[in-house]
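The following exercises concern aromatic rings and their surroundings in a protein model. Each task is followed by a worked solution.

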Amino acid sequence: MKKFIFAAIAGTFAGVIATTQVTGPLLAQEAQQQSDVYEQLDLFGNIFERIRSQYVEDVDEGELIEAAINGMLTSLDPHSSFLPPADFDDMREQTRGEFGGLGIEVTQEEGFVKVVSPMDGTPADVAGMEAGDFITHVDGESLLGLTLNEAVELMRGPVGSETVITVVREGVDEPFDVSIIRDTIQLTAVRTRIEGSTVVLRVTTFNDQTYDNLSEGLAKSVEELGGIENVNGFVLDLRNNPGGLLNQAIAVSDAFLNAGEIVSTRGRAPEDGERWNARDGDLTEGLPIVVLINGGSASASEIVAGALQDHRRAIVVGTRSFGKGSVQTIMPLRGDGAMRLTTARYYTPSGRSIQALGVSPDIVVEQPRRDPNAEAEEETQGFSRTEADLRGSLDNDSISEDERRLLEEERARVEEAAQLREEDYQLAYAIDLLTGLRALSGND
């Protein structure tokens, strides 16, 4: 019995020694880390005081603090930043769908300002800006070394004023200037149109209006075609869509799904993770869908494309998307400003992260760039003659009036399709694909 008690005491004593040996260094390490942090904060205060008292010119103390905060945030990743009150107001205006500026979504890559995408119908779009362009100068002033907010501030200005942007573009040997007239940007989140018997849903951004615009436009187009039974399929065009609100990406995905996960997010701690699932109710009633993406499709666009692709609900066509798979949380701060902080990564239903990889299309289709110098050559080479074009050719006397009308309608459809291929090859490909899917399903 004494031996047992002694063994128990010895075991306890050994446990205390082991615990002390483990926790002692950990506590010491934590204390050292706290000491290092306080030393760094003292260093910051020392530098701040030196600048205030000894810099060659008077400085604005508030601007110094803002610059320090922004530097701390931008050192984390390209999407975290400090939003002074004016920038915070601008961001809220953008989510409502109306703001002043050029209509261009930008990010920062290795110190350079990169175009994520120009927004449809905006001054930047009209001026010919493209996803992937690098902006090096604004009105002759270099952007190298500036924060993203500072670069964006240079691009802002009064409505109606002109700015000249210097652009470096892949495939173009020399930088070139683009002149853009600033305007009030009024974004229509979703534009809907009918091509033959296909409904095209062009989603330009994910703001407060997106889902409502999409559901209303879809219903109106189906009604114009005389009912869902007359619809060939749907094209969801997410090209050059820089993203926006997460809740709108979830709502748009849910519009085409009846069940299953849409997206999940994982933060630093396991308990920070969230998951969103679709509810019953597919607005397209199960008809085929083709999603169009390109290098300008980012963030919320990638959530939608990834969800529909993983559920095999849509065929994704185009080129690889931008690859922004992180979630930013806007945190209001004292003084009417805010902090945009990356707080999570998002994952598609299959569990894949899109961060820095993007969504790979099921079918890769490049959008050919038109060479304006080739137009004259195309006009001469594209000319062809048939029997019907020959002077004095005989009519086909065995065709009834109904057959003649059907032939004319078919010719009109072929001409429209040919024109669409010239204007937008990727969209024409998507519509051709839907026509083939409809024929295979036996509903042609």
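**Exercise 1.** In this predicted model, determine where phenylalanine 44 and phenylalanine 48 lie.

*Solution.* Both residues belong to helix α1, which covers residues 2–54. They are four residues apart, about one turn of the helix.

**Exercise 2.** Classify phenylalanine 44 and phenylalanine 48 as buried, partly exposed or exposed.

*Solution.* Step one: phenylalanine 44 has a relative accessible area of 41%. Because partly exposed covers the range between 20% and 50%, phenylalanine 44 is partly exposed. Step two: phenylalanine 48 has a relative accessibility of 17%. Because buried means under 20%, phenylalanine 48 counts as buried.

**Exercise 3.** Decide how the rings of phenylalanine 112 and phenylalanine 134 are arranged, and where in the chain these residues lie.

*Solution.* Step one: the ring centres are 6.4 Å apart, and the planes form an angle of 85 degrees. Because pairing requires centres within 6.5 Å and planes over 60 degrees apart count as edge-to-face, phenylalanine 112 and phenylalanine 134 form an edge-to-face pair. Step two: phenylalanine 112 is in strand β4 (residues 112–118), whereas phenylalanine 134 is in strand β5 (residues 134–138). The pair thus links distant parts of the chain, 22 residues apart. Step three: phenylalanine 112 is partly exposed at 39% relative accessible area, and phenylalanine 134 counts as partly exposed at 23%.

**Exercise 4.** Which residue lies over the face of tyrosine 347?

*Solution.* The residue is arginine 266, at 3.7 Å from the ring centre of tyrosine 347.

Note on methods: Residues numbered from 1 in each chain as written. Predicted model: local features only at pLDDT ≥ 70, side-chain atom pairs only at ≥ 80, totals over all residues. Heavy atoms only, no water. Helix = DSSP H or I, 4+ residues; strand = E, 2+ residues; numbered from the N terminus. Buried < 20%, exposed > 50% of the residue type's maximum accessible area, 1.4 Å probe, protein only. Phe/Tyr/Trp six-rings, centres within 6.5 Å; stacked < 30°, edge-to-face > 60°. Lys NZ or Arg CZ within 6 Å of the ring centre and 35° of its normal.
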